[in-house]
Each structure stands twice: as structure tokens, then as C-alpha cells.
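Here are some notes on the model you asked me to look over. Have the structure open while you go through the points.

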Amino acid sequence: MPESKHSVHSAFREKLVEHLLVGELLKRSWQRGDCSIEISRPEVDRAGYDLIAECNGHVRHIQLKSSHRGSKTSRQSVSLSLAGKRSGCVVWVYFDPDSLELGPFFCFGAEPGEKLPVLEAFKTAKHTKGNAQGVKAEKPNHRVVNKGQFTCIESIDGLWDNLFGDA
């Protein structure tokens, strides 16, 4: 699959990866035998998260990021608003560029029930595109988090445990 397909249709791909992840979480809940996970989406994207997932008594506000395996992306922009949500976290989903198989997963956040680490200590993010003069303005409500700050999780089971605890 040519690289251009990933950039030309990035909005389509982003939504597809989100649906695949939700499907995997629902499947995991089914396999556990409790079918207890609830997934919601905000009507408006202004609070720094893409999904709300509730299970095992934990509500996780999840900001989703995605990259195909082999991507050179080494950092992500994280919304400061996410830090205001108890159990807010970032899930960075890697996927195979051809098959769209998910994994590994990278997570940034605390244990279920705990707040994000203090984001103000991180560098302020900038817009990806410059203005007419080529200057990339700062995004004052976003911080840059390097990949090394994320926890690598190899499987959907590991992601489940990270998000909701091992019950």
C-alpha cells in the first residue's frame, strides 16, 4: 500500500482504527464473559478525548492517536484538558499498514482512577502547518509527550489491564 494512501485518506484511516480498537475492546469484554464495557463518544471534540470507556468501576477518558508500524513519529500532542479528567489517558495505536492489524499499543496515563502526570512540565506543542509567513504558532493548550514517556503494551489483553485493571 503506498504511503500516500495513509496521508491522503488519514481522516478515514483514523476513524477506521478507532472502530477497530472499539471492536477489540468489545470483543475482549465478550470473551471475559461479562459484556460489561460501555463506550461513548463526545458530541464535540473540545475536551481532549475521543472516547469514554467504562468498565470495572473505572471511567477512562481516552485521547486516541494512531501510527502505522514503521512510522517515524516519535511524539504526540496531548490536550491539557485531558488532565482535568480523572483517569484520562492517551492510547497510541500502532497498526500494520496493509492488514490494519492493531498493536502494539502505547499508553500515557496513570493507573485507573488516577490523574495524568502533570502536563505543564512538557514542552508546548505547535501547529503542524505554518501561517502565511511559515511560522508555526504555539498551541497553548497542548503539550508534546515523547514516545519514551509512553508505556509499550504488546496485546489487547495488556491494554485492557492497563485501562481497567486486571479483574
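**Notes on the model**

1. Let's start with helix α2, residues 10-32. Its 23 residues take the helix 33 Å from first C-alpha to last, close to the 33 Å expected at 1.5 Å a residue. The expected span here is 1.5 Å times one less than the number of residues. Helices and strands are DSSP runs numbered from the N terminus, with H or I and at least four residues for a helix, and E and at least two for a strand. Right after α2 comes G33, with a positive phi near 90 degrees.

2. A word on ground rules. This is a predicted model, so to speak of a local feature takes pLDDT of at least 70, side-chain atom pairs count only at pLDDT 80 or more, and totals for chains, interfaces and linings use all residues. Residues are numbered from 1 along each chain as its sequence is written, and side-chain values use heavy atoms, with hydrogens and water left out.

3. Which residues of α2 are buried? They are R13, V17, E18, L21, V22, L25, R28 and S29. Buried means under 20% relative accessible area, exposed means over 50%, and partly exposed is in between (1.4 Å probe, protein chains only). Note the charged residues in that list, including E18 and R28; both come up again below.

4. Now the packing. The largest nonpolar core has 23 residues, and L21, I62, V91, F105, L159 and L163 touch the most other members. Two or more residues each come from α2, β2 (51-55), β3 (58-68), β5 (89-95), β6 (102-109) and α3 (156-164). Helix α3 gives the most, with 5 residues. A nonpolar core, for this purpose, is a set of buried Ala, Val, Leu, Ile, Met, Phe, Trp, Tyr and Cys residues joined through side-chain atoms within 4.5 Å. As background, nonpolar side chains tend to be buried together in soluble globular proteins.

5. L159 is a handy residue to click on. Not counting residues up to four places away in sequence, L159 touches L21, V91, F105, C107 and I153. Contact means heavy atoms within 4.5 Å. Apart from the largest core lies another one, of 15 residues, with V78, F106, L116 and F150 among them.

6. On to charges. How many salt bridges does a search of the whole structure find? The search turns up 6. The criterion is a side-chain nitrogen of Lys or Arg within 4 Å of a carboxyl oxygen of Asp or Glu.

7. E18, in helix α2, counts as buried because its relative accessibility is 7%. Beyond residues up to four places away in sequence, E18 touches R41, D50, L51 and L64. E18 also has a salt bridge to K15, with the closest N and O atoms 3.4 Å apart. These two sit 3 residues apart in α2, about one turn of the helix. K15 is partly exposed, at a relative accessible area of 41%.

8. E18 has another partner in R41, where the closest N and O atoms are 2.6 Å apart. R41 is in the loop between β1 (38-40) and β2 while E18 is in helix α2, so this pair ties together parts 23 residues apart in sequence. R41 is partly exposed, with a relative accessible area of 38%.

9. What does R28 pair with? Its salt-bridge partner is D157, with the closest N and O atoms 2.5 Å apart. The pair links distant parts of the chain, R28 in helix α2 and D157 in helix α3, 129 residues apart. R28 counts as buried because its relative accessibility is 16%, whereas D157 is partly exposed, with 36%. Elsewhere, shared partners join K15, E18 and R41 into one salt-bridge network.

10. Please take a look at R143, in strand β8 (residues 138-146). R143 is buried yet has no salt bridge, and the nearest side chain of opposite charge, E120, is 5.9 Å away. Lys and Arg count as positive and Asp and Glu as negative, while His and the chain ends are not counted. The side chain of R143 does reach the backbone oxygen of P140, at 2.9 Å. Leaving aside neighbours within four places in sequence, the contacts of R143 include Q76, V78, L119, E120 and F122.

11. Last, K72 lies in the loop between β3 and β4 (75-79). K72 is exposed, with a relative accessible area of 79%.

Notes. Polar contact = N/O pair within 3.5 Å; in protein donor to acceptor, adjacent residues only side chain to side chain.
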